[in-house]
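Colleague: Please pick one part of this model and take me through it closely. Then place it against the rest of the chain.

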Amino acid sequence: MPTSAADTTSRGPATTVVVVTWRGADHITGCLDGLAAQERPHRTLVVDNASDDGTAALLARHPSKPHVLRLPRNAGYAGGIAAALRHVTTPLMAWLNDDAVPAPGWLGTLEDTLLADPRLGAVGSLLRHTGGGVASAGVRLTADGHGADLTAPGRAFGFCGGAVLLRTDVLRSIGGVPSGFFCYYEDTDTAWRLRLAGHDIAVAHDAVVVHRQGASSRPGSPAFHRWNERNRLLMLLRCAPARVAAEQLTRFAALTAVLPLRRVLAGRDGGTAVPRAANFRVSSRCRVLAEVALRLPSTLRQRAEVRRRSVAGRGDVWLRWAGQ
């Protein structure tokens, strides 16, 4: 019989909400205020990634008195979540971006949804832009292995890591969080490993947060694209069928190799111009390939660990979800 939220909270809060911040002084107050207004009791743990902008003093002054884990260096979002997991003692663990403000019923809706179905390993939220549009209603898996936010009704392969609730023991049992990712794709990688381990994932559309997207990072920057491209390839090497991982790595390397020639031809005969976006910079792409190569031995060991913990076949999960 599923455990109810009432049964769990009678023994204390069921959930620790983990908020990872880095130089979040100009936006984390809204997040903490939103957590203080939650209808469901919980614990709040803020992981401060060695902020130097007054965030520590702000956290100390906030009326909600959150627990704070201050790291000696910036470990990124993935590293912060991984560090927090070692300190979580509640059966459930929520991840919440420091630039996201949850509605008062957010946590209660997530807890009720997750605890009502023992097959669920995680429940994602509906993230809205400050202007009201949908930022994410879950994540789909594209035909080339990208994680893409769903902004319209559709089947969600995974969740947006900016606001999600997971079972703590299940998260630990699948290997936790890939701290080396720093940021981006740690959520899709985690969702993939949950599905391989036989757990379902849902999105509770009534669990709403308003996300000030980009307040804590710089989408479109060279670092953003490097982390995205690198972590997608590492995720595929960890979780995808070997054929898919090898194909995507080869395609990335081949495009990197031909980009200089394409630029020359475009300038000579008016051919198709190469996009100027940061992810088409040869230097950045070479850095991605170098970082993937450097991490390849450890990533292949991690792939073996993922396989050991899996009950579903990689090919089965890929066929069911990729390109849907």
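Modeller: A definition first. The radius of gyration is taken over C-alpha atoms, and the rule for a globule is 2.2 Å times the number of residues to the power 0.38. With 324 residues, that rule puts a compact globule near 20 Å; the chain has 20 Å, so the two agree. Keep in mind that this is a predicted model.

Some framing. The chain has 11 helices and 11 strands. Its C-alpha atoms fill a box of roughly 70 × 45 × 35 Å along the principal axes. Buried residues make up 52% of the 324. Take contacts between residues at least 6 apart in sequence: 75% of them join residues at least 24 apart. The chain exposes about 14400 Å², and carbon and sulfur atoms supply 55% of that area.

My pick is helix α5, residues 106-115. Of its 10 residues, 7 are buried, so the helix is largely enclosed by the rest of the structure. The buried ones are Trp106, Leu107, Gly108, Leu110, Glu111, Leu114 and Leu115. Note the charged residue in that list, Glu111.

What does Glu111 pair with? Its salt-bridge partner is Arg40, with the closest N and O atoms 2.8 Å apart. Arg40 sits in the loop between α2 (28-36) and β2 (43-48), while Glu111 belongs to α5, so the pair ties together parts 71 residues apart in sequence. Both partners are buried.

Arg40 has a second bridge to the helix. Its side chain also meets that of Asp112, at 3.3 Å from N to O. Again distant parts of the chain are linked: Asp112 is in α5, Arg40 is in the α2 to β2 loop, and their positions lie 72 residues apart. The burial of Asp112 and Arg40 needs a cut-off: buried means under 20% relative accessible area, exposed over 50%, and partly exposed in between. Arg40, at 18%, is therefore buried. Asp112, at 39%, is partly exposed.

Now the nonpolar packing. The largest nonpolar core has 56 residues, and Val18, Met93, Trp95, Phe159 and Trp192 have the most contacts inside it. Its largest share, 8 residues, comes from helix α8 (residues 222-239). A separate core of 29 residues includes Leu107, along with Ala14, Val19 and Leu120. Leu107 is one of the buried residues of α5. Back in the largest core, Met93 shows how one residue reaches along the chain. Beyond its neighbours within four places in sequence, Met93 contacts Thr15, Thr16, Val18, Ile81, Ala84, Leu85, Val88, Val164, Leu165, Leu166, Thr168 and Leu171.

Back to charge. The whole structure has 12 salt bridges. One of them joins Glu305 and Arg309, with the closest N and O atoms 3.6 Å apart. Set this against the Arg40 pairs: Glu305 and Arg309 share helix α10 (residues 282-309) and are 4 residues apart, about one turn of the helix. An α-helix has 3.6 residues a turn, so residues three or four places apart point the same way. Glu305 is partly exposed at 34% relative accessibility. Arg309 is partly exposed too, at 29%. Elsewhere, salt bridges with shared partners join Arg226, Arg230, Arg287 and Glu291 into one network.

Helix α10 has a bend. The angle is about 60° at Leu296, and a proline, Pro297, follows within four residues. The buried residues of α10 are Ser284, Arg285, Val288, Glu291, Val292, Thr299, Arg303 and Val306. So Glu291, a member of the charged network, is among the buried residues of this helix.

Two backbone details deserve a look. Phe182 has a positive phi of about 70°, although it is not a glycine. Tyr185 has one of about 75°, and it is not a glycine either. Phe182 is in the loop between α6 (168-173) and α7 (186-196), and Tyr185 is in the loop between α6 and α7 as well. Their accessibility is as follows: Phe182 is partly exposed at 22%, whereas Tyr185 is buried at 6%.

Last, a reference point. Leu120, from the 29-residue core, has its C-alpha atom 35 Å from that of Ala56, 64 residues away along the chain. Ala56 is in helix α3 (residues 55-61). It is partly exposed at 39%. Leaving out residues up to four places away in sequence, Ala56 touches Asp48 and Arg70.

How values were computed. Residues numbered from 1 in each chain as written. Predicted model: local features only at pLDDT ≥ 70, side-chain atom pairs only at ≥ 80, totals over all residues. Heavy atoms only, no water. Buried < 20%, exposed > 50% of the residue type's maximum accessible area, 1.4 Å probe, protein only. Core = buried A, V, L, I, M, F, W, Y, C linked by side-chain atoms within 4.5 Å. Contact = heavy atoms within 4.5 Å. Salt bridge = Lys/Arg side-chain N within 4 Å of Asp/Glu carboxyl O. Areas by Shrake-Rupley, 256 points an atom, 1.4 Å probe, with all protein chains shown as cover. Bend = angle between axes of the 7 residues up to and from the residue.
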